[in-house]
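Open the model in your viewer and keep the selection panel at hand. This tour goes stop by stop: what to select, then what is there.

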Amino acid sequence: MKSVELRNISHTFASGRSGRGLPDLKVLDQIDLAIEPGWFTAFIGPSGAGKSTLFNVITGLIKPDQGQVLVSGEQVTGKTGHVAYMPQKDLLLPWRNVIRNATAGLEALGTPVAEAAERAQEMLGLFGLEGFNEAYPGTLSGGMRQRVALLRTVLLDKPVLALDEPFGALDALTRRQMQLWLAELRTRLGKTILFITHDIEEALFLSDEIVVLSNRPARILRRFTVPEGIGSMDDLLFIKTRKELLDSLKEAERP
Ligand SMILES: Nc1ncnc2c1ncn2[C@@H]1O[C@H](COP(=O)(O)OP(=O)(O)OP(=O)(O)O)[C@@H](O)[C@H]1O
Ligand SMILES: [Mg+2]
């Protein structure tokens with residue numbers, strides 16, 4: 001059975017009744033995709049294409065005008081609670097410490113605080129946050145803050161994680177460290193991961209497959225399976241695959 005299936009998803013944002021005569025905005029155009037359990041799939045495409053909107057559809061926050069979303073074979077179109085989501089701007093609550101930020105998602109689902117805190121505590125080491133239980137977000141590094149937000153998402157304990165540019169705001173060095181860390185973490189978690197990024201190298205390094213989306217309205221332009229043993233940046237296969245991806249991104253950016 002597929003982990004996530006998107007069947008012919010289209011979506012248009014209505015301009016509303018603002019009376020300003022703005023046109024409707026078609027954002028998603030007939031997206032069809034089936035993702036294998038345990039795969040790491042990166043989504044890449046121009047800014048404003050509709051990537052975050054697609055994730056809002058997958059996680060059930062937006063009900064698309066057309067099409068269906070299935071998770072583990074179950075119809076979940078427009079229903080939340082089946083996919084753990086880390087949105088693009090996932091801000092931590094500055095007045096809560098690390099543990100209480102990590103438990104925020106579970107608490108929202110009605111898990112008692114003590115139980116949620118215990119589960120967060122068990123995972124702190126895996127997220128490189130050992131000893132920072134009581135720290136407040138303002139005192140953490142950017143990478144640590146992103147790991148707290150990721151921990152909050154992972155604690156929801158869903159088979160599918162949707163991460164919208166989780167490392168987008170980090171400097172190059174921290175980003176690299178986070179990529180290495182996530183690569184290691186994913187083998188331990190064994191979850192299906194959907195991941196939006198603008199960074200081709202990040203996508204090649206982390207994922208099993210890469211979906212290239214077109215300019216808005218987003219269509220699937222190409223789907224690459226990342227070759228096994230692709231190696232690192234100076235590897236010939238890496239360079240060749242990166243070139244192919246860059247070419248299709250150029251095509252994606254064409255209006
Ligand atoms: N709730 C909404 N109502 C109306 N328009 C929206 C809404 N959400 C997004 N849009 C519009 O839909 C388009 C796609 O937005 P989206 O956030 O999905 O793009 P994106 O591919 O994630 O971009 P980026 O790479 O910059 O994050 C944009 O033009 C945006 O203005
Ligand atoms: Mg986005």
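## Stop 1: around ligand 1

This is a predicted model. Select ligand 1 and bring up its surroundings: Phe-13, Leu-25, Val-27, Ser-47, Gly-48, Ala-49, Gly-50, Lys-51, Ser-52, Thr-53, Gln-88 and Arg-216.

Now colour that shell by class. You get 4 nonpolar, 6 polar and 2 charged residues.

Which element gives the most to this shell? Show the helices and strands and check. The answer is α1, with 3 residues. Both β2 (25-35) and α1 (51-58) supply at least two residues each.

## Stop 2: from Arg-216 to a cis bond

Stay with Arg-216, one of the residues around ligand 1. Step along the chain to Pro-217. The peptide bond from Arg-216 to Pro-217 is cis, and its omega is near -5°. Pro-217 sits in the loop between β9 (209-213) and β10 (220-225).

Next, draw a distance from the C-alpha of Arg-216 to that of Lys-89. The two are 21 Å apart in space and 127 residues apart in sequence. Lys-89 lies in the loop between β6 (84-86) and α2 (98-102). Is Lys-89 buried or exposed? Count the other C-beta atoms within 10 Å: there are 9, so Lys-89 is exposed.

## Stop 3: the whole chain

Zoom out and switch to cartoon. The protein has 8 helices and 10 strands. Its radius of gyration is 19 Å, close to the 18 Å that the globule rule gives for 255 residues, so the protein is as compact as a globular protein of that length. Along the principal axes, the C-alpha trace spans about 50 × 50 × 40 Å.

Colour by burial. Buried residues are 35% of the 255 in the protein. Then turn to the contact map. Take the contacts with a separation of 6 or more: 69% of them join residues 24 or more positions apart.

## Stop 4: two domains

Give each domain its own colour. Domain 1 covers 1-79 + 160-166 + 192-255, and domain 2 covers 84-157. Their centres, taken over C-alpha atoms, are 26 Å apart. Domain 1 brings 10 residues to the contact and domain 2 brings 9.

Select the side of domain 1 that touches domain 2. Here α1 and β7 (160-164) are the elements that give two or more residues. The most come from β7, with 5 residues. By class, this side of domain 1 has 6 nonpolar, 2 polar and 2 charged residues. You have met α1 already, in the shell around ligand 1.

## Stop 5: the largest nonpolar core

Hide the polar side chains. The largest nonpolar core has 60 residues. Which members touch the most others? Select Ile-58, Ala-162 and Phe-195. Helix α5 (residues 142-154) gives this core its largest share, 5 residues. Both domains take part: domain 1 and domain 2 each supply at least three residues. As background, nonpolar side chains in soluble globular proteins tend to be buried together.

Centre on Phe-195. Leaving out residues up to four places away in sequence, Phe-195 touches Phe-40, Thr-41, Ala-42, Phe-43, Leu-163, Leu-206 and Ser-207.

## Stop 6: two positive phi values

Two residues other than glycine are worth a look here. Start with Asn-8, in strand β1 (residues 4-13). Its phi is positive, near 50°. Asn-8 counts as exposed because it has 12 C-beta neighbours inside 10 Å.

Then select Glu-165, in the loop between β7 and α6 (172-189). The phi of Glu-165 is positive too, near 45°. Where Asn-8 is exposed, Glu-165 is buried, with 21 other C-beta atoms within 10 Å. The cut-off for buried is 20 or more.

## Last stop: Glu-118

Select Glu-118, in helix α4 (residues 113-123). Buried or exposed? With 12 other C-beta atoms within 10 Å, Glu-118 is exposed. Now draw a C-alpha to C-alpha distance from Glu-118 to Ala-104. They are 13 Å apart in space and 14 residues apart in sequence.

Methods
Residues numbered from 1 in each chain as written. Chains lettered and ligands numbered in written order. Predicted model: local features only at pLDDT ≥ 70, side-chain atom pairs only at ≥ 80, totals over all residues. Core = buried A, V, L, I, M, F, W, Y, C linked by C-beta atoms within 7 Å. Helix = DSSP H or I, 4+ residues; strand = E, 2+ residues; numbered from the N terminus. Domains from an automatic or database assignment. Contact = placed C-beta atoms within 7 Å. Near = placed C-beta within 6 Å. Nonpolar A, V, L, I, M, F, W, Y, C, P; charged D, E, K, R; others polar. Rg over C-alpha atoms; globule rule 2.2 N^0.38 Å.
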